[in-house]
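Open the model in your viewer and keep the selection tool at hand. We will move from stop to stop, picking a few residues each time.

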Amino acid sequence: MGDVVESSAIGHRWWHGAALYQLYVRSWLDADHDGYGDLRGVIAGLDHLSWLGVDGIWLSPTMPSPDDDWGYDVSDYLGVHPELGTLDDLDRLIAEAGKRDMRVLLDLVPNHTSSAHPWFVDAVSGPDSVHRGYYVWAGPGPDGGPPNNWRDATGAVAWTLDEPSGQYYLHNFLATQPDLNWWEPAVHGEFREILRFWFGRGVAGFRIDVAHGLYKDALLRDNPPLAVDSPLAGRFGLKPVYNANRPETHEVYKDWRVIAESYPSPRLLLGETWVGDFAALAAYHGHGDELQLTFNFPFIFARFTATELAGVLAGTLAQLPAGESPAWTASNHDVGRFPTRWCGGDERKIRLALLVLATLPGTTVLYYGDEIGMTDVDVPPELQRDRMTLGNLGRSNRDRARTPMQWDGSPSAGFTSAMVRPWLPVGDNAARNVAAQREDQASTLWFCRRLLALRRAEFRGKIASYAELASPRDLWVYRAGALTVAANFSGDPAEPFDLGGPVLLSTGTVIKDAPGGITLGPWAAVIVRATGPAS
Ligand code: GLC
């Protein structure tokens, strides 16, 4: 596979102004009828994405794995999981996507491997093994127990004792996901090779898992206490000061960015930067020399109000280095789906959220099913498949947002054949599915398609300028490039408001041209052609 052909319409940084689409491969489309989605299924679904107007797809983990964490426990960084397909399938997927002017991003997991990875198998064979130093080992703490107070993502002690050696190894996630030791130069060398291997096959970039992880404090100091837990501040009463967000990690991304940008079509590094502080988030862009995009978790966890969301925009853009692009998403395989979290399934709110996502400057990432307003699915405990959140009180089960794509109204939702039981139960596909919404030009699916077409025409290849405009309470009004957007985050009609130019798109019939300007109905939003120069 050669380099991705650069289309002149896309521009040098193809992700600027782009709409990406996160596709959970196991749940997208099952071509071999085993109940799990696969790469041939992704190929079969590409026409839907092309019709929708996405510029690139990010595939959830595709590498071989024992699947304790559904691919986030990698046992071979240079292969394809046999249940999902073959390297040939992946090559074909990249080629087929390319024919439709779409790029393919893979998921890279550099913070930890699977305990089944040959590096770890060798590492546990003894303290003198070649790969021992690839992982984080430590002797018991002063009380003879674990080396420090760190907890893993399930709330358990983050250290597991290797009895033969008397040393503990670190795992910030499951015990079968040992953390790599980034103080070890050979680990850097391995990942440079991994990047080059996939970039050389035409992979357009990576979403980087736990991008705020990698380096751990060299002294393995205790994390300080935290009074109130929150998804961004920390959990289990501890602030993640020493087991994440270490300054040395930035050097890794400087190194990787040079590699990513050495290709005629620059490759994209999109970080899962799980931080709550805008300065810390922006720091992962360095001086325009680290990650090119960073997921914005303050946006995801903001309440669905004009004030909070506008505040996140302002806070983020104030910190980003010049020329760097923000990235926006509202749903993913961990945090759940925005049509439930923000919108409670209310169609008006779902369209409002989609309109905002499609008109923010930078890069927007939709999650599979967002385009039809797919909601979370209440998966009963006996059908749950996510070990990380199974029986884990206080943490929502992640299976709720990983259920099969709802292609049609049939019992298996068109995800797999009628006789096959999908790996997770199907949601309410009678209420929302692609086939029915394709038939109805007034559907959310068509609305989303119109939004992405408008976005592409206005923003592609650019980071649109952004300015918040003064507005009545509960309205978020902003200028993005040559568009003015007004969104009413309230169940009451807004005051009439003069927005200037002609209406290009709106969430529904609730907007009237009134003498005093436009009146936005409850949870309505509108895009107009801006008049006057951008501020
Ligand atoms: C990231 C992934 C999540 C996974 C974890 C450990 O947060 O998105 O699904 O469990 O990393 O790899």
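Begin with A123. This residue is buried, because its relative accessible area is 0%, and buried means under 20%. A123 lies in helix α4, which covers residues 118-123. Now add G133 to the selection. A123 and G133 are 10 residues apart in sequence. From C-alpha to C-alpha, A123 and G133 are 7.5 Å apart in space. Keep in mind throughout that this is a predicted model.

**Stop 1: strand β1**

Select residues 19-23, which form strand β1. How many of the five residues of β1 are buried? Five of the five are, so the strand is largely enclosed by the rest of the structure. Look at its two faces in turn. A19, Y21 and L23 lie on one side, and they are buried. L20 and Q22 lie on the other side, and they are buried too. Both faces of β1 are therefore covered.

Next, show the strands that pair with β1. Strand β11, residues 363-367, runs parallel to β1 and is joined to it by four bridges. Pick Y21 in β1: its bridge partner in β11 is L366. Then select strand β2, residues 56-59. β1 and β2 also pair in the parallel sense, over four bridges. Here, L20 stands opposite G56 in β2.

**Stop 2: the nonpolar cores**

Keep Y21 selected and add I57, L59 and W476. The largest nonpolar core has 139 residues, and these four, Y21, I57, L59 and W476, touch the most other members. Another core, of 11 residues, lies apart from it. Among the members of that core are L475, L520, A524 and V526.

**Stop 3: a sheet of three strands**

Which strands make up the open sheet of three? Select β4, β6 and β5: that is their order, and the pairing is antiparallel. β4 (137-138) and β5 (159-162) stand at the edges. Each edge strand has a single partner strand, so one side of each is left without a neighbour in the sheet.

Zoom in on β5 and strand β6, residues 167-170. Four bridges join these antiparallel strands. Two facing pairs are easy to pick out. L161 has Y168 of β6 as its bridge partner, and T160 stands opposite Y169 in β6. Now follow the chain from β5 into β6. The two strands form a hairpin with four residues between them. G166 sits in the turn, with a positive phi of about 75°.

Go on past β6 to H171. This residue is in the loop between β6 and α5 (185-200). Is H171 buried or exposed? H171 is buried, because its relative accessible area is 2%, and the cut-off for buried is under 20%. Add D152 to the selection. The side chains of H171 and D152 are joined by a polar contact of 3.4 Å.

**Stop 4: two positive phi angles**

Select D101. Its phi is near 65°, a positive value in a residue other than glycine. D101 is in the loop between α3 (87-99) and β3 (103-108). With 29% relative accessibility, D101 counts as partly exposed.

Now select V210. This residue is not a glycine either, yet V210 has a positive phi of about 45°. V210 lies in the loop between β7 (205-208) and α6 (249-260). At 7% relative accessibility, V210 counts as buried.

**Stop 5: the ligand**

Show the ligand and the residues around it. There are 13 of these residues, and D69, D209, E272, H333 and D334 come nearest. Which classes make up this shell? The shell has four nonpolar, two polar and seven charged residues.

Check three distances to oxygen atoms of the ligand. A polar side-chain atom of D209 lies 2.8 Å from a ligand oxygen. For H112, a polar side-chain atom is 2.9 Å from an oxygen atom of the ligand. In R398, an N or O atom of the side chain is 2.9 Å from a ligand oxygen. On its own, the ligand has 310 Å² of accessible area, and the protein covers 96% of that.

Finish at D334, one of the nearest residues. D334 is in the loop between β10 (327-329) and α10 (338-341). With a relative accessible area of 14%, D334 is buried. Last, select V379 as well. D334 and V379 are 45 residues apart in sequence and 14 Å apart in space, C-alpha to C-alpha.

Notes: Residues are numbered from 1 along each chain as its sequence is written. This is a predicted model: local features need pLDDT of at least 70, side-chain atom pairs count only at pLDDT 80 or more; totals for chains, interfaces and linings use all residues. Side-chain values use heavy atoms; hydrogens and water are left out. A residue is near a molecule or strand if one of its heavy atoms lies within 4 Å of it. A polar contact is a pair of N or O atoms within 3.5 Å; within protein, one must be able to donate a hydrogen and the other to accept it, and residues adjacent in sequence count only if both atoms are side-chain atoms. Accessible areas come from the Shrake-Rupley method with a 1.4 Å probe; for residues, only the protein chains shown count as cover. Ala, Val, Leu, Ile, Met, Phe, Trp, Tyr, Cys and Pro count as nonpolar, Asp, Glu, Lys and Arg as charged, and the others, Gly among them, as polar. A nonpolar core is a set of buried Ala, Val, Leu, Ile, Met, Phe, Trp, Tyr and Cys residues joined through side-chain atoms within 4.5 Å. Buried means under 20% relative accessible area, exposed over 50%, partly exposed in between (1.4 Å probe, protein chains only). Two strands pair if DSSP finds at least two bridges between them.
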